[in-house]
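Please look over the structure shown below before reading on. The briefing that follows takes up strand pairing, aromatic pairs and nonpolar cores in turn.

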Amino acid sequence: MSEMNNEDNMIELIGDDGETISFEHLATLEYEGESYLVLGAPDDGSDNEDSEVYVLKIEQDEDGNDIYVDPEDDELSEKVFERFLQLMEETLEDDEDGEDD
């Protein structure tokens with residue numbers, strides 16, 4: 001039996017207040033020519049399926065370093081999240097199709 005190491009999917013971000021916050025990296029995806037991160041709250045071991053998911057836009061600062069910003073538009077965040085769900089569904093379907101071989 002193999003176990004997935006969730007620590008490999010963990011990232012830490014530093015907020016504007018200097019506080020470090022850990023997230024689970026769920027996906028990096030393109031939407032309408034822009035790149036976005038989809039992050040989840042770290043697994044706390046509970047069975048709560050209503051974990052929060054965060055969408056952050058990837059931009060570059062003046063030095064060319066990636067920075068992650070909250071999209072100003074809630075509708076845009078929702079559309080990126082819907083695209084994420086669509087990609088996850090396609091991945092699951094592909095996995096199921098591959099099991100028939």
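**Strand pairing, aromatic pairs and cores**

Gln60 stands opposite Asp66, a residue of strand 5. This is a predicted model, and the pairing just named belongs to strand 4 and strand 5, which run antiparallel and are joined by four bridges. The structure also holds two aromatic pairs, and its largest nonpolar core has eight residues.

**The hairpin of strand 4 and strand 5**

- Strand 5 covers residues 66-69 and runs antiparallel to strand 4, which covers residues 53-60.
- Five residues lie between the two strands of this hairpin, and in it Gly64 takes a positive phi near 85°.

**The aromatic pairs**

- A pair of aromatic rings is described by the distance of the centres and the angle of the planes.
- Of the two aromatic pairs in the structure, one is formed by Phe23 and Tyr54, whose ring centres are 5.4 Å apart and whose planes stand at 75°, so that this pair counts as edge-to-face, the cut-off for that class being over 60 degrees.
- Because Phe23 lies in strand 2 (residues 20-31) and Tyr54 in strand 4, this pair ties together parts that are 31 residues apart in sequence.
- Phe23 is buried, with a relative accessibility of 13%, whereas Tyr54, with a relative accessible area of 30%, is partly exposed.
- The other pair, Phe81 and Phe84, has ring centres 6.0 Å apart and planes at 35°, and it is therefore tilted.
- Both Phe81 and Phe84 belong to helix 1 (residues 74-98), where they sit three residues apart, about one turn of the helix.
- Phe81 is partly exposed at 23% relative accessibility, while Phe84, at 8%, is buried.

**The nonpolar cores**

- In soluble globular proteins, nonpolar side chains tend to be buried together.
- The largest nonpolar core here consists of eight residues, namely Ala27, Leu29, Tyr31, Tyr36, Val38, Val55, Val80 and Phe84.
- Two or more residues of this core come from each of strand 2, strand 3 (34-40) and helix 1, and strand 2 gives the most, with three residues.
- Leu29, a member of this core, is in contact with Glu34, Ser35, Tyr36, Val38, Val80, Arg83, Phe84 and Leu87, its neighbours within four places in sequence being left aside.
- Apart from the largest core lies another one, of six residues, which include Leu13, Phe23, Leu39 and Ile58.
- Each core thus holds a phenylalanine of an aromatic pair, because Phe84 is in the core of eight residues and pairs with Phe81, while Phe23 is in the core of six and pairs with Tyr54.

Key. Residues numbered from 1 in each chain as written. Predicted model: local features only at pLDDT ≥ 70, side-chain atom pairs only at ≥ 80, totals over all residues. Heavy atoms only, no water. Phe/Tyr/Trp six-rings, centres within 6.5 Å; stacked < 30°, edge-to-face > 60°. Buried < 20%, exposed > 50% of the residue type's maximum accessible area, 1.4 Å probe, protein only. Core = buried A, V, L, I, M, F, W, Y, C linked by side-chain atoms within 4.5 Å. Contact = heavy atoms within 4.5 Å. Pairing = 2+ DSSP bridges.
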